[in-house]
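Okay, thanks for having me. Let's have a quick look at a sheet today, strand by strand.

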Amino acid sequence: MSTNIVEALAAILYTVGENGIDEKQLLETLNINQKELETALNTIQLPGLDIHQFGQVYMLTTKKELEPYIEALIVNKGKTKLSQAAMEVLAIIAYNQPISRSEIELIRGISSDGPVKTLIAKGLIETKSTAELRAQQLYTTDLFLNVFGIPNLEALPTTDEDEEEIESFFNNLVNQKGEFE
C-alpha cells in the first residue's frame, strides 16, 4: 500500500471532521477500490485516534481509552442534555423510521415540533421528502449512530432482548451520550 494513499486517507478524514465521509466518495477521491481501502485502513496508525465506520460513513474518532480526557474537556466547556421529550422523539424515530411528525404526535399524544427541530439542529435526524407521500419523513443520521456508539440501526435493543438490557441502554443514552455542546 502506497504511503501516499495512507497519508491521503488520514488527511481526508481530518479535513472532513466530525461529519465524516461517505465510503463511495472516499473511494472516488482516493481513486482506489474497496480492497485497497481496507488495506489502507488496516495499515494506518494515528496516535490517539481511530477510524470508525458508522453506516456508510468513515470518520476519525478518539481512542476509547482517552475518553476520560475528552469528557473532562467537554464537561469544563459546559454541556446541554437532550430533553426527555427529545429523547422520546429520537427513540420513536430510530425504531419507526421513516416516520412523519404527525405519526410521532399520534404516538406521543402531544405536539413534537420543538423536539424535532432540536434533533434536526443537532444533526441527529434529517427529513426526506418522497413523491408518493405528502408529509416529510424523518430518519436518523449517521451522526446518531456515532453519538450513540452503534454501528447500525440493527444494533438497537429490541423487545426480544431482556428488559433490563433495554433499560440500561436507554439510561446510558440519557445519562452519558445525550449530552451536546
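Before we get to the hairpin, one definition: when I say two strands pair, I mean that DSSP finds at least two bridges between them. And keep in mind that this is a predicted model.

So, what order do the strands come in? The sheet is open, it has three strands, and the order is β1-β3-β2, with antiparallel pairing. That puts β1, residues 21-22, and β2, residues 49-54, at the edges, each pairing on one side only.

Let's take the β2 side. β2 pairs with β3, residues 57-62, in the antiparallel sense, and there are six bridges. If you want to find them on screen, click on D50: its bridge partner in β3 is T61. Then try Q53, which sits opposite Y58 of β3.

These two strands, β2 and β3, make a hairpin with two residues between them. Look at G55 in that turn: its phi is positive, about 65 degrees.

Now over to the other edge. How many bridges join β1 to β3? Two, and again the strands run antiparallel. Here D22 has V57 of β3 as its bridge partner.

Last thing, how enclosed is β3? Buried here means under 20% relative accessible area. Five of the six β3 residues are buried, so that strand is largely enclosed by the rest of the structure.

That's my tour, happy to go back to any part of it.

Technical notes: Residues are numbered from 1 along each chain as its sequence is written. This is a predicted model: local features need pLDDT of at least 70, side-chain atom pairs count only at pLDDT 80 or more; totals for chains, interfaces and linings use all residues. Side-chain values use heavy atoms; hydrogens and water are left out. Helices (H or I, at least four residues) and strands (E, at least two) are DSSP runs, numbered from the N terminus. Buried means under 20% relative accessible area, exposed over 50%, partly exposed in between (1.4 Å probe, protein chains only).
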